[in-house]
Every structure is written in C-alpha cells, then in structure tokens.
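Student: I would like a close look at a single part of this structure, followed by an account of what surrounds it. Please keep the answer connected.

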Amino acid sequence: MPFARLATATTPTCHIGLGLAAVGRPGYINLGRDQDLGENRTVEALRTRTHDLLDAAYAQGVRYFDAARSYGRSEEFLADWLKARPDVDDIVVGSKWGYTYTAGWSTDAEKHEVKDHSVRTYDRQRAETADLLGDRLDLYQIHSVTPDSPALTDKELHAKLAQAAAQGVTVGFSTSGPAQADAIRAALAVTVDGEPLFRTVQSTYNALETSAAPALAEAHDAGLTVIVKEGMANGRLADPYAPEPLKAVAAETGLGCDAVALALVLRTPWAGVVLSGAATATQLASNLHAAVVDLDDDQLSRLAALAEDPQTYWNHRASLPWH
C-alpha cells in the first residue's frame with residue numbers, strides 16, 4: 001500500500017492532503033471563490049497557482065495530493081509539477097475516474113461534469129490518466145459512488161479494477177450524497193476471487209455532515225485507508241461564513257475557523273488523510289494549523305450540535321452556484 005509512506009512520515013501535517021478540485025478548473029462551488037481566484041483564471045494562471053500550492057504544501061509537510069479527471073486540468077498541472085521535481089519520491093498521488101469535465105474552461109457552463117461509471121468510461125479515463133501521471137499514480141478511485149451506482153455490481157469493471165490493482169495501483173472509491181453510509185457498506189462487500197476489491201474510501205465528513213462516521217469506522221476496521229474530503233463543507237465552515245458556535249471556538253483557540261473545522265476531522269480515530277481544498281497559499285497555511293489544534297470536551301460538545309440532517313446538508317450543497 002502506498003499509504004505506508006504516510007505511516008513513516010514524521011511531519012505534523014503528513015496526514016493532511018491537498019485536493020486540487022478548487023484550482024484545476026476556473027469554476028467550482030466553494031464559497032468565496034471570487035475573492036480567492038479573482039478574475040484571472042486562464043489555464044496558465046491556474047497552472048502557476050496549482051504549482052505554487054503544491055510547492056507550499058510539500059514544504060510544509062503535506063504528502064498526499066488528490067486530483068480527478070473531472071477537476072479540469074488538475075492531473076495535467078500535477079503531472080507537470082512532478083516532472084519538474086523528480087526528487088519528490090515520498091508522496092502519495094491519487095486521482096479519480098467516473099466524471100468527465102465538460103465546462104470547456106468556462107465558469108457558466110450548463111453542465112460542468114457528467115457522471116458515468118461504465119467500463120467504457122473507465123477504459124478511456126484510465127488511459128488519459130496514465131498518459132499524464134504514468135507510474136506516479138498510486139491510487140485510482142471511482143468518483144462519487146452512490147448506492148445505485150452500477151460500479152457496485154459491474155463484474156467486468158471489477159475484473160478490470162482488480163487487474164489494475166495486480167499491476168500496482170491501489171483501487172479505491174469516493175462517495176457523495178445523503179446515503180454515503182449505504183454506499184460505503186455496499187462497496188465493502190465487493191470482492192474479486194474472494195478478496196476485497198477496494199483498499200481506500202474517500203467520503204465527505206465535517207461538522208455539518210457526520211452521517212458517514214459509523215460506516216467509515218467500519219471501513220477503517222476492515223483495513224481501508226479513509227480519506228476525508230470537504231472537511232470545510234465547501235467553505236461553509238470558513239470565515240466569514242462559519243456558524244457562530246464555530247467562530248466562538250476558533251476565537252478560544254486563537255486560530256481560524258478552518259483550522260478548527262479540519263482539526264475536528266483529524267481527531268477521529270479512523271481518518272487516515274484529511275484533505276485541504278485550499279485555493280491560496282494563505283488558506284493552506286491556515287488549514288495546516290489544524291494539526292496543532294487541541295479541543296476540549298466543552299468545545300467538542302458545542303461543535304457536535306452543528307450537525308445537520310444529511311438530506312438537508314446535501315440539498316444545500318446542491319444549491320451552491322458554480323462561481
């Protein structure tokens with residue numbers, strides 16, 4: 001498992017990863033994006049921004065980097081960075097397939113991505129990822145598995161994924177939606193030749209959306225590495241949008257709402273990697289303070305009260321505009 005590299009890392013931030021969803025394309029649903037990126041969102045501007053973030057993250061101890069075929073040119077930007085730094089050999093690189101980016105580098109496209117978990121899409125996107133990342137790819141995940149996803153039952157797809165695993169690529173999946181727990185448990189039951197197929201799971205978990213926690217604990221107990229995404233709830237847990245109880249706890253710690261929100265995830269016993277979705281170096285530095293946040297029982301109790309009904313949370317997320 002490539003995640004053994006993280007187990008031997010000693011930096012306080014080695015279990016915080018950098019996700020490239022916010023910088024690999026000009027449009028995304030994160031709050032505050034206009035301020036984060038400004039008006040210059042050309043390919044070269046975002047390539048430079050991504051490389052600067054990767055440099056800053058690596059220098060500050062981050063060792064997991066997460067891309068996807070649907071994150072615009074995130075794989076391309078990451079591949080360019082890796083080629084320029086052949087000495088960087090202690091990181092873990094993950095990507096995802098299953099969504100196709102369709103926005104054409106626009107922020108106001110009718111559709112920004114199209115989901116398809118078919119074998120045909122896997123074959124095409126696996127080849128596209130291989131062309132860019134080659135043998136630097138450690139982890140390939142099915143993007144946003146839901147309980148009704150054909151990826152859970154397609155035996156031909158399972159055989160192809162098992163073949164990729166036999167060739168050295170770790171196979172995982174990510175989840176989304178109010179039924180994440182059901183999707184996780186269904187995926188844990190998928191086997192090929194009697195062996196579990198998936199070795200990692202990437203799910204949304206944060207102060208507002210905690211419903212996947214029991215299933216993620218089960219996945220961890222089954223030996224999977226758990227990667228947590230959207231720990232900031234697409235900006236809803238960052239200043240100035242954070243709810244008042246979070247702002248109060250952050251003030252008590254002397255750190256940002258973002259650091260407290262990510263620290264809440266880091267302290268779970270099952271989270272192997274917690275992703276930062278930073279779009280600026282300042283955001284990244286603030287996010288990384290999560291590694292030193294210490295929360296007491298009273299603070300944890302106040303933060304626990306922020307949890308929403310999963311359907312309410314995901315309805316809100318679906319209503320966020322692409323900026």
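Which residue does the side chain of Arg-41 meet in a salt bridge, and what is the N to O distance?

Tutor: The model is a predicted one. In it, the salt-bridge partner of Arg-41 is Asp-34, with 3.1 Å from N to O. The two side chains are also joined by a polar contact of 3.1 Å.

Arg-41 sits in the loop that runs between α2 (33–37) and α3 (43–59). Its relative accessibility is 13%, so Arg-41 counts as buried, the limit being under 20%. Asp-34, at 43% relative accessibility, counts as partly exposed. The bridge therefore pairs a buried arginine with a partly exposed aspartate. Besides the aspartate, the side chain of Arg-41 reaches a backbone atom, the oxygen of Gly-38, at 2.9 Å. If neighbours within four places in sequence are left aside, the contacts of Arg-41 are Pro-26, Arg-33, Asp-34, Leu-46, Trp-105, Thr-107 and His-323.

One of these contacts, Trp-105, has a second arginine to consider. Arg-73 lies over the face of Trp-105, 5.9 Å from the ring centre. Arg-73 also belongs to a network of salt bridges that links it with Glu-44, Arg-47, Glu-76 and Asp-80. Elsewhere, Arg-126 is placed over the face of Tyr-140, at 5.3 Å from the ring centre.

The bridge of Arg-41 can be set beside others. Side chains of opposite charge can pair when their charged atoms come close. The whole structure has 20 salt bridges. In one of them, Lys-96 and Asp-66 have their closest N and O atoms 2.4 Å apart. Lys-96 belongs to strand β3 and Asp-66 to strand β2 (residues 64–66), so this pair ties together parts that are 30 residues apart in sequence. Lys-96 and Asp-66 are both buried. Another bridge joins Arg-317 to Glu-230, with 2.5 Å between the closest N and O atoms. Arg-317 is in helix α13 (residues 310–319) and Glu-230 in the loop between β11 and α9, so the tie here spans 87 residues of sequence. Arg-317 is partly exposed, its relative accessible area being 22%, whereas Glu-230 is buried, at 14%.

The loop that holds Glu-230 has some backbone features of its own. Most residues other than glycine have a negative phi, and most peptide bonds are trans. Ala-233, in the loop between β11 and α9, has a positive phi, near 55°. Asn-234 lies in that loop as well, and its phi is likewise positive, near 55°. Ala-233 is buried, with a relative accessible area of 1%, and Asn-234 is buried at 4%. Further along, the peptide bond from Asp-239 to Pro-240 is cis, with omega near 0°. Pro-240 is placed in the loop between β11 (225–229) and α9 (244–253).

Asp-66, the partner of Lys-96, leads to the nonpolar interior, since Asp-66 appears among the contacts of Leu-18. In soluble globular proteins, nonpolar side chains tend to be buried together. The largest nonpolar core has 95 residues, and those touching the most other members are Leu-18, Phe-65, Leu-78, Leu-161, Phe-173, Phe-198 and Leu-246. Helix α10 (residues 257–266) gives the most to this core, eight residues. Apart from this core lies another, of eight residues, including Tyr-64, Val-92, Ile-227 and Leu-275. Beyond its neighbours within four places in sequence, Leu-18 is in contact with residues including Leu-53, Leu-54, Ala-57, Val-62, Tyr-64, Phe-65 and Leu-275.

Phe-65 also forms one aromatic cluster with Tyr-58 and Trp-81. The structure holds nine aromatic pairs. Trp-97 and Tyr-122 form one that is edge-to-face, at 5.1 Å centre to centre with 70° between the planes. Trp-97 is in strand β3 (residues 92–97) and Tyr-122 in helix α5 (residues 119–133), so far as sequence goes 25 residues apart. Both of these rings belong to buried residues, Trp-97 and Tyr-122. A further edge-to-face pair, Tyr-205 with Trp-270, has 5.0 Å centre to centre and 85° between the planes. Tyr-205 and Trp-270 are both buried.

Technical notes: Residues are numbered from 1 along each chain as its sequence is written. This is a predicted model: local features need pLDDT of at least 70, side-chain atom pairs count only at pLDDT 80 or more; totals for chains, interfaces and linings use all residues. Side-chain values use heavy atoms; hydrogens and water are left out. Helices (H or I, at least four residues) and strands (E, at least two) are DSSP runs, numbered from the N terminus. Buried means under 20% relative accessible area, exposed over 50%, partly exposed in between (1.4 Å probe, protein chains only). A polar contact is a pair of N or O atoms within 3.5 Å; within protein, one must be able to donate a hydrogen and the other to accept it, and residues adjacent in sequence count only if both atoms are side-chain atoms. Contact means heavy atoms within 4.5 Å. A nonpolar core is a set of buried Ala, Val, Leu, Ile, Met, Phe, Trp, Tyr and Cys residues joined through side-chain atoms within 4.5 Å. Rings of Phe, Tyr and Trp (its six-membered ring) pair if their centres lie within 6.5 Å; planes under 30 degrees apart count as stacked, over 60 as edge-to-face and the rest as tilted. A charge sits over a ring if NZ of Lys or CZ of Arg is within 6 Å of the ring centre and within 35 degrees of the ring normal. A salt bridge is a side-chain nitrogen of Lys or Arg within 4 Å of a carboxyl oxygen of Asp or Glu.
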